[in-house]
Each structure stands twice: as structure tokens, then as C-alpha cells.
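Please open the structure in a viewer and keep the sequence panel visible. The tour below proceeds by selections, each followed by a description of what is found there.

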Amino acid sequence: MLNLVLFGPPGAGKGTQSEKLIEKYQLVHISTGDIFRAHIKNQTTLGQQVSQIIAEGNLVPDSITIAMLEEEIEKNPQATGFIFDGFPRTVAQAEALDQFLTSIGEQITGVVALDVTEEELTQRIAKRQEISGRADDAADKLKKRIEEYFGKTIHVLPYYEKQGKLAKVNGIGDIDTIFHSLTEIIDKY
């Protein structure tokens with residue numbers, strides 16, 4: 001199985017690149033953001049909890065996130081691989097993901113981080129906010145999400161670097177150029 005983690009701050013292009021990678025490698029996309037939004041849209045009990053947490057710009061607790069992620073993996077027994085988008089966000093989540101994958105005889109194949117400057121992120125998300133109106137893209141929430149990423153989430157990278165699984169790609173520029181850089185790395189797996 002090809003199990004990839006696509007890493008980067010909010011607005012780095014993870015969603016855009018994930019779509020292209022899914023098509024090329026026939027992977028199942030697991031986006032914690034998409035899962036959360038589906039629960040919110042369907043107004044599940046979990047969705048109501050998550051809605052309030054996200055609206056405040058906070059990260060959803062590990063226990064909720066991991067349980068939902070395991071459920072998504074188990075829903076796809078025929079998968080040839082997964083692409084994890086927006087997860088893991090903490091070292092504890094990375095360890096939990098490794099433990100779960102090991103329990104089903106799998107592991108993370110590689111982690112690719114999209115490097116994007118804070119200035120570029122702010123511009124991209126302002127543009128996305130105009131189009132989508134996503135509550136978590138509002139300026140005050142965005143600032144908090146970017147701070148969360150650079151304050152907490154970025155510390156996951158050394159965890160994977162120690163395992164020899166981390167690669168970095170310049171996330172600024174033409175979408176197809178960035179995609180080509182990603183596929184050069186992934187094809188080596």
C-alpha cells in the first residue's frame with residue numbers, strides 16, 4: 001500500500017494537490033477537514049461538537065480525530081493506499097496513526113511537506129474566503145490556524161524526518177509544476 005501524508009499549513013494547496021495525486025495513484029483521500037465538514041453538514045452529535053471547536057479556530061481533540069480517521073480507513077478495505085490531508089497535526093497523532101496502521105499491517109510510506117510562506121498563505125486564503133465563505137477562513141480564525149500550524153503542527157516534521165520518510169516541496173508557483181515535484185518524490189516509493 002502507498003500511504004502518504006501531505007503536509008502543509010492552511011492554504012498551502014494540500015486539497016488541490018491531493019485531488020491530482022488521488023487521480024494519478026488511485027488513492028483514497030482522507031481529509032480530516034472534509035470529515036469534520038461532513039459531520040457538521042449532517043448535524044451529527046459529533047458534528048455539533050466539532051462545529052463549535054472549529055468555529056473558534058481550535059484544533060479538534062486527538063481522541064475524536066483519531067476515531068473518525070480509523071473509521072474512514074476501515075470503510076475502505078479495498079484501498080490500494082491512502083493520502084492523509086490535514087492529519088497528523090501533533091506528534092501524539094502521528095504516533096497514534098503509526099500504531100493504528102501497524103495494527104492492520106501497514107505503515108506511512110512517505111510524508112511530503114508543501115513549503116509556503118506566511119505571506120503567500122494569507123493571500124491565498126483571503127482569495128478562498130471570498131469564493132467559499134468558509135467560517136475557518138475568516139481573518140481572525142485564519143491567524144489562529146496559521147499560528148497553530150507554525151507553533152504546534154510543524155513539530156510533526158522531525159518525527160517523520162527521524163524515520164527517513166520526510167520530503168519537502170516548494171508549494172509556491174504553478175500548480176502543475178508543484179504536482180510534478182510531488183510525483184517525482186512519490187514515484188520513488
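**First stop: R89**

Select R89, which is located in the loop between β3 (81-85) and α5 (91-103). The model on display is a predicted one. R89 is partly exposed, its relative accessible area being 31%. Next, add Y149 to the selection: although R89 and Y149 are 60 residues apart along the chain, their C-alpha atoms are separated by 7.8 Å. To view the surroundings of R89, display L59, K152, T153 and V156, with which R89 is in contact when neighbours within four places in sequence are left aside.

**Second stop: the nonpolar cores**

Select F7, F84, L97, I108 and Y160 together. These are the residues with the most contacts inside the largest nonpolar core, which has 33 residues. Centre the view on I108. Which residues does I108 touch, not counting those up to four places away in sequence? The list consists of N3, V5, F84, L97, D98, L101, Y160 and K165. Of these, F84, L97 and Y160 were already selected as residues with the most contacts inside the core.

Now select L6, I146, L182 and I186. They are among the 20 residues of another core, which lies apart from the largest one.

**Third stop: helix α9**

Select residues 175-186, which form helix α9. At 1.5 Å a residue, the twelve residues of α9 should span 16 Å, and the end C-alpha atoms are indeed 16 Å apart, in agreement with that value.

Colour I178, F179, L182, T183, I185 and I186, which are buried in α9. Then turn the view to look down the helix axis: the buried residues fall within an arc of 155 degrees and so line one face of α9. To see what these buried residues pack against, display β1 (2-7), α1, β4 (110-115) and β5 (166-170).

Move to the N-terminal end of α9 and show D174 as sticks. D174 caps this end, with a side-chain oxygen lying 3.2 Å from the backbone nitrogen of D176.

Next select T183, which also lies in α9. Is T183 buried or exposed? With a relative accessible area of 7%, T183 is buried, because buried residues are those under 20%. A polar atom of the T183 side chain lies 3.0 Å from the backbone oxygen of H180. Beyond neighbours within four places in sequence, T183 is in contact with L21, K24 and Y25.

**Fourth stop: salt bridges**

How many salt bridges does the model contain? The count comes to four.

Begin with D176 and K20, whose side chains meet in a salt bridge at 3.0 Å, N to O. This pair links distant parts of the chain, for D176 belongs to helix α9 and K20 to helix α1, 156 residues apart. D176 is partly exposed at 47% relative accessibility, and K20 is partly exposed with a relative accessible area of 27%.

Proceed to R37 and D34, which also form a side-chain salt bridge, at 3.0 Å, N to O. R37 and D34 are separated by about one helical turn, because they are three residues apart in helix α2. Both residues count as partly exposed: R37 at 33% relative accessibility and D34 at 38%.

Finally, select E71 and K75, where the side chains meet in a salt bridge of 4.0 Å, N to O. Add E72 to the selection to show a network of salt bridges linking E71, E72 and K75. E71 is partly exposed, with a relative accessible area of 39%, whereas K75, at 52% relative accessibility, counts as exposed.

**Last stop: two loop glutamines**

Select Q26, in the loop between α1 (14-25) and β2 (28-31). Inspect the backbone here: Q26 has a positive phi of about 55 degrees, although it is not a glycine. Q26 counts as exposed, at 56% relative accessibility.

Then select Q43, in the loop between α2 (32-41) and α3 (45-55). Q43 likewise is not a glycine, yet has a positive phi of about 50 degrees. At 58% relative accessibility, Q43 counts as exposed.

Definitions and conventions. Residues are numbered from 1 along each chain as its sequence is written. This is a predicted model: local features need pLDDT of at least 70, side-chain atom pairs count only at pLDDT 80 or more; totals for chains, interfaces and linings use all residues. Side-chain values use heavy atoms; hydrogens and water are left out. A nonpolar core is a set of buried Ala, Val, Leu, Ile, Met, Phe, Trp, Tyr and Cys residues joined through side-chain atoms within 4.5 Å. Buried means under 20% relative accessible area, exposed over 50%, partly exposed in between (1.4 Å probe, protein chains only). Contact means heavy atoms within 4.5 Å. Helices (H or I, at least four residues) and strands (E, at least two) are DSSP runs, numbered from the N terminus. The expected span of a helix is 1.5 Å times one less than its number of residues. The arc is that of the directions from the helix axis to the C-beta atoms. A polar contact is a pair of N or O atoms within 3.5 Å; within protein, one must be able to donate a hydrogen and the other to accept it, and residues adjacent in sequence count only if both atoms are side-chain atoms.
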